[in-house]
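The following exercises are to be worked through with the sequence and the model at hand. Each task is followed by a solution in steps.

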Amino acid sequence: MTDVPPPPPPPPSFGAQPPGSSPDVGAALSYGWNKFGQNAGPLILAFIIPAVGSFFLNFVGSVIIRGFFGQALFSIIGIVVNAMLGIAIYRVSLQIVTGQRADIGAAFQYDRWGEWILFSIVYGLLVGIGFIFCLIPGLILLYFFALAPYFFLDQNMSLGEAFTASKDAVSAKGVGFPVLLCIIVGVLGLIACFVGVLITAPLAYVAVGYLYKYSIGQPAAA
């Protein structure tokens, strides 16, 4: 009986990494760029919606609302609204990396609003306070916990479970530095008169979504 060598395995789809390989920040950013080109409209809209909402609320709060208690109440409302609007960019990114159609309307169809608002506030405070203390603590916190929103939304985790899963992914899969580099690339768009961030930031969210899929042992959708 003649031994016939098995056929070579099919090449991985774009964005997939071979099992056991190390996370590739270049592949993540390339994937983000490719998917941004295919979904620029929904991604840009998902990114700017919170910024527009924040600007409107700040304008109303400074021009119309008077008195300490009125402004304090309005600030609390603003935090909650911004948390709700901020879900769009994460959910659109997850739609893309899981092979769904990028859909802003579907991004807001969510049934865990109370939990998300709490998560978003805690996550924002954690990272924000970290950056107040000389930048480095903020980068360290992003290194360990930047995947937490993806775990929270994609796997219906609790706040504590999502933070733990993100930290474990850094330890087990080594995604901390690649995720951090993708985030830094996203921020670099601010250098180009703030316009470039409309490309680099959405691209970075998708690239981090790609690394999230790698961290759970799944290839990002082609």
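## Exercise 1: Leu94 and its surroundings

Leu94 is a residue of helix H4. The model examined here is a predicted one.

**Task.** Determine whether Leu94 counts as buried or exposed, and state which residues Leu94 is in contact with, leaving aside its neighbours within four places in sequence.

**Solution.**
1. The relative accessibility of Leu94 is 7%; the limit for a buried residue is under 20%. Leu94 therefore counts as buried.
2. Beyond its neighbours within four places in sequence, Leu94 is in contact with Tyr150, Leu153, Asp154 and Tyr212.
3. For one of these partners, Leu153, the separation from Leu94 is 59 residues in sequence, while the C-alpha atoms are 8.6 Å apart in space.

## Exercise 2: Tyr212, a partner of Leu94

**Task.** Locate Tyr212, classify its accessibility, and list what Tyr212 touches, not counting residues up to four places away in sequence.

**Solution.**
1. Tyr212 belongs to helix H11.
2. Its relative accessibility is 0%, so Tyr212 counts as buried.
3. Not counting residues up to four places away in sequence, Tyr212 touches Leu94, Leu147, Tyr150, Phe151, Asp154 and Gln155.
4. A further pair to inspect is Tyr212 and Val175: they lie 37 residues apart in sequence, with 8.3 Å from C-alpha to C-alpha.

## Exercise 3: Gln95 in helix H4

**Task.** Establish whether Gln95 is buried or exposed, and which residues Gln95 touches, not counting those up to four places away in sequence.

**Solution.**
1. Gln95 is located in helix H4.
2. With 6% relative accessibility, Gln95 counts as buried.
3. Not counting residues up to four places away in sequence, Gln95 touches Gln100, Arg101, Ala102, Asp103, Ala106 and Ala107.

## Exercise 4: Two helix pairs

**Task.** Work out how H10 and H11 are oriented to each other, and how H1 and H2 are; then describe each contact by residue class.

**Solution.**
1. H10 (residues 176-188) packs against H11 (residues 197-215) at an angle of about 165 degrees, and their axes are 7 Å apart.
2. Angles over 145 degrees count as roughly antiparallel, and H10 and H11 are therefore roughly antiparallel to each other.
3. The crossing of H10 past H11 is left-handed.
4. On the side of H10, the contact is formed by Pro178, Val179, Cys182, Ile183, Val185 and Gly186; on the side of H11, by Val197, Thr200, Ala201, Ala204, Ala207, Val208 and Leu211.
5. This contact of H10 with H11 comprises 11 nonpolar residues, two polar ones and no charged ones.
6. For H1 (residues 25-38) and H2 (residues 40-63), the axes come within 5 Å and cross at roughly 100 degrees.
7. Angles of 65 to 115 degrees count as roughly perpendicular, and H1 and H2 are therefore roughly perpendicular to each other.
8. Lys35, Phe36, Gly37 and Gln38 of H1 meet Ala40, Leu43 and Ile44 of H2.
9. By class, the contact of H1 with H2 has four nonpolar residues, two polar and one charged.

## Exercise 5: Length and packing of H6

**Task.** Compare the expected span of H6 with the distance between its end C-alpha atoms, and identify what its buried residues pack against.

**Solution.**
1. H6 (residues 113-132) has 20 residues, which at 1.5 Å a residue should span 28 Å.
2. The end C-alpha atoms of H6 are 28 Å apart, which agrees.
3. Trp116, Ile117, Phe119, Tyr123, Val127 and Gly130 are buried in H6.
4. The buried residues of H6 pack against H3 (68-85), H4 (87-97), H7 (136-145), H8 (148-154) and H9 (159-173).
5. After H6 comes Cys134, which has a positive phi near 65 degrees.

## Exercise 6: Two loop residues

**Task.** State where Asn156 and Gly174 lie, and classify the accessibility of Asn156 and of Gly174.

**Solution.**
1. Asn156 is in the loop between H8 and H9. Although not a glycine, Asn156 has a positive phi of about 55 degrees.
2. At 52% relative accessibility, Asn156 counts as exposed.
3. Gly174 is in the loop between H9 and H10, and its 39% relative accessibility makes Gly174 partly exposed.
4. Leaving aside neighbours within four places in sequence, Gly174 is in contact with Pro23 and Ala169. Gly174 and Pro23 are 151 residues apart in sequence, yet 7.0 Å apart from C-alpha to C-alpha.

Note on methods
Residues are numbered from 1 along each chain as its sequence is written. This is a predicted model: local features need pLDDT of at least 70, side-chain atom pairs count only at pLDDT 80 or more; totals for chains, interfaces and linings use all residues. Side-chain values use heavy atoms; hydrogens and water are left out. Axes are lines fitted to C-alpha atoms, for helices over the stretch in contact, and angles run from 0 to 180 degrees between N-to-C directions. Helices (H or I, at least four residues) and strands (E, at least two) are DSSP runs, numbered from the N terminus. Angles under 35 degrees count as roughly parallel, over 145 as roughly antiparallel, 65 to 115 as roughly perpendicular and the rest as oblique. A crossing is left-handed if the near helix is turned anticlockwise from the far one by less than a right angle, and right-handed if clockwise. Contact means heavy atoms within 4.5 Å. Ala, Val, Leu, Ile, Met, Phe, Trp, Tyr, Cys and Pro count as nonpolar, Asp, Glu, Lys and Arg as charged, and the others, Gly among them, as polar. The expected span of a helix is 1.5 Å times one less than its number of residues. Buried means under 20% relative accessible area, exposed over 50%, partly exposed in between (1.4 Å probe, protein chains only).
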